[in-house]
Amino acid sequence: MKERRVTPHPRRPLQAVLFDMDGTLVDTERLWWEAVEHVAGRPLTEADQPEVLGSPVEHTAAWLGAATGRPTADLAAALHREFADRVRTGILPRAGALELLDALARDGIPAALVTASPRAVADTVLEALGADPFAVCVTADDTVHTKPAPDPYLAACQALGVEPAACVAVEDTQTGVSSAEAAGCVVLAVPSLAPIDAAAGRTVLASLEGVTPELLRAMVVPRLRVMSWNLWRGGTKVDDHRAKQLKVILGTEADVVGLQETAGTAAQELAEALGWYHHRAGENLGIISRYPITAGLGDPDVGFYGAAGARIRIDPSCQVDVWTAHLHYTPYGPYEAGFDGLPAAELIAHEEVRLAQMRDTLRRIAEAADATTSVVLTGDFNTPCHLDRPDVAWPVTKAAEEAGLRDSYREAHPDPAAEPGHTWSPIHPVHEDGSGRPEPQDRIDYVLHNGRGLRVLDSQTVVSGASRAWSDVAGNDWPSDHAAVISTFALDYGN
């Protein structure tokens, strides 16, 4: 647990506010809608919204061209002309927009304009407003890809010299929201014509009236990205595995990684290469962290299966207990269900070894924590989740839930049919016994949390690069037989 460097403070002050233009800053969505209707020669309907709202002129022109047979270039020119004429005579700021821009200027918070419209249209709008409060203006002419790609927001952040995660993007369409979120910005959505659903890490308001810099500052909260990863015997089945592991960790921008199957030295070697901190327990478990580790938790001599934890100091006012667990792999429930056809009662009965290991883990977590401790449990549990397969009350994840731990992936993705989140196995499409039977794909790796000062913003399974199926895996880019899970938490201090 040797400290290697001083880590950055996770609290990010609001560095900039990035405004979409059409429909957000000014009420141009109505004018654009009218311009498209005029060029199309027909009334538009709700079904047309995805092709019209938040899209660049070229996209809408191509869509109209496909429907009418008219040249796309002619349609684009007509759309530009009709829209510009309407802007010059009928533009109105959206309620609260100019007041918010004035307040940001008084507080010295930079503002940028990030629009999918061409520069000529942006200049026309700013001229009609009679003011240009923006330090940076990024238009459709300035990036190769425009919204919903993240490029416009990334370009604005780079020009301002700010971090996307420390910026609030203000948008009115799902296309713009997708662009800003893909860039890593916090999003305030103020829908104009089409509704926008609330989501983790996204604030949706009816308008900008009453929005203040203080409210925007409160949206930029400290974040913690926690990853769970089974390294698959340390990664040794894959050539150059350590370099590939480092590439994965850096690519995910994880802050803390709970490791399983470390082959003894992986946690230390990875931490030393990253300049991070580490805690090793037994020959199989480890935790690495960009933030200081102040204590090891649990049995330092834990066996191949079991759990270990580390107390991580995010800053002087915030510590998080992060645990990693590896539970026994046999008997494996998905095989017994899919290959052997065992009923639910027998499947549950065969979970007794893993259930005992989970209860021991939960006991150790409870002994180390108090009523205010933030806790995250990562791990390869080698069992499905009761939230994913409601026909079987899988007892291991149910025991964790009953102990107050929440499943971060299922919080972010409540529908297991739409987002199954499988982590076993990216290299096993068929069973390895040579029978050709399809391998059951399941979610058996987890990032759980107790909700004390932790709020889920996002959770994803991660597999990167090219991977061949078992057994031709030596050259794989992904150095594991499991997908990783990475969950992003807002650190709500004092909650």
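## A walk through two sheets and some salt bridges

Start by selecting Gly-306 and His-326: the bridge partner of Gly-306 in β13 is His-326. You are looking at a predicted model, so treat each stop as a feature of that prediction.

**Stop 1: the mixed sheet.** Now extend the selection to residues 306-315, strand β12, and residues 318-326, strand β13. The two strands run antiparallel, and 9 bridges join them. Colour the rest of their sheet next: it is open, has 6 strands, and reads β11-β12-β13-β14-β16-β15 with mixed pairing. Its edge strands are β11 (293-297) and β15 (406-407), each of which pairs on one side only. As a reminder, strands of a sheet pair through backbone hydrogen bonds, either parallel or antiparallel.

**Stop 2: the parallel sheet.** Another open sheet of 6 strands follows the order β3-β2-β1-β4-β5-β6, and its pairing is parallel. At the edges, pairing on one side only, sit β3 (136-138) and β6 (202-204). Look along the sheet to see its twist, which averages 20° from one strand to the next. For a close-up, select residues 16-19 (β1) and 111-114 (β2), a parallel pair joined by 3 bridges. Here Leu-18 stands opposite Ala-112 in β2.

Then show helix α7, residues 151-160, which packs on this sheet and touches β1, β2, β3 and β4 (167-171). The direction of helix α7 makes about 160° with that of β3. Add helix α8 (residues 174-183) as well: it lies across β4, β5 (186-189) and β6, and runs at about 165° to β5.

**Stop 3: salt bridges.** Switch on side chains. Side chains of opposite charge can pair when their charged atoms come close. How many salt bridges does a search of the whole structure find? The count is 23, and three are worth a visit here.

- Select Arg-290 and Asp-255, whose side chains meet at 2.7 Å, N to O. Arg-290 lies in the loop between β10 (285-289) and β11, while Asp-255 is in the loop between α10 (241-252) and β8 (256-260), so the pair ties together parts that are 35 residues apart in sequence. Is Asp-255 buried or exposed? Its relative accessibility is 9%, so Asp-255 counts as buried, the cut-off being under 20%.
- Move to Arg-217 and Glu-214, where the closest N and O atoms of the salt bridge are 3.5 Å apart. Both belong to helix α9 (residues 213-219), and because they are 3 residues apart, about one helical turn separates them. Arg-217 is partly exposed, at a relative accessible area of 35%.
- Finish with Arg-364 and Asp-360, a salt bridge with its closest N and O atoms 3.0 Å apart. They are 4 residues apart in helix α14 (residues 352-368), so about one helical turn lies between them. Arg-364 is partly exposed at 24%, and Asp-360 counts as partly exposed at 26%. Add Arg-363 and Glu-367 to the selection to see the network of salt bridges that links them with Asp-360 and Arg-364.

**Stop 4: zoom out.** Show the whole chain, with its 16 helices and 18 strands. Its C-alpha atoms fill a box of roughly 75 × 55 × 40 Å along the principal axes. The radius of gyration is 26 Å, which agrees with the value near 23 Å for a compact globule of 495 residues. Buried residues make up 54% of the chain. If you turn on the surface, the accessible area is about 20400 Å², with 51% belonging to carbon and sulfur atoms.

How values were computed. Residues numbered from 1 in each chain as written. Predicted model: local features only at pLDDT ≥ 70, side-chain atom pairs only at ≥ 80, totals over all residues. Heavy atoms only, no water. Pairing = 2+ DSSP bridges. Salt bridge = Lys/Arg side-chain N within 4 Å of Asp/Glu carboxyl O. Buried < 20%, exposed > 50% of the residue type's maximum accessible area, 1.4 Å probe, protein only. Axes fitted to C-alpha atoms, helices over the stretch in contact; angles between N-to-C directions. Contact = heavy atoms within 4.5 Å. Rg over C-alpha atoms; globule rule 2.2 N^0.38 Å. Areas by Shrake-Rupley, 256 points an atom, 1.4 Å probe, with all protein chains shown as cover.
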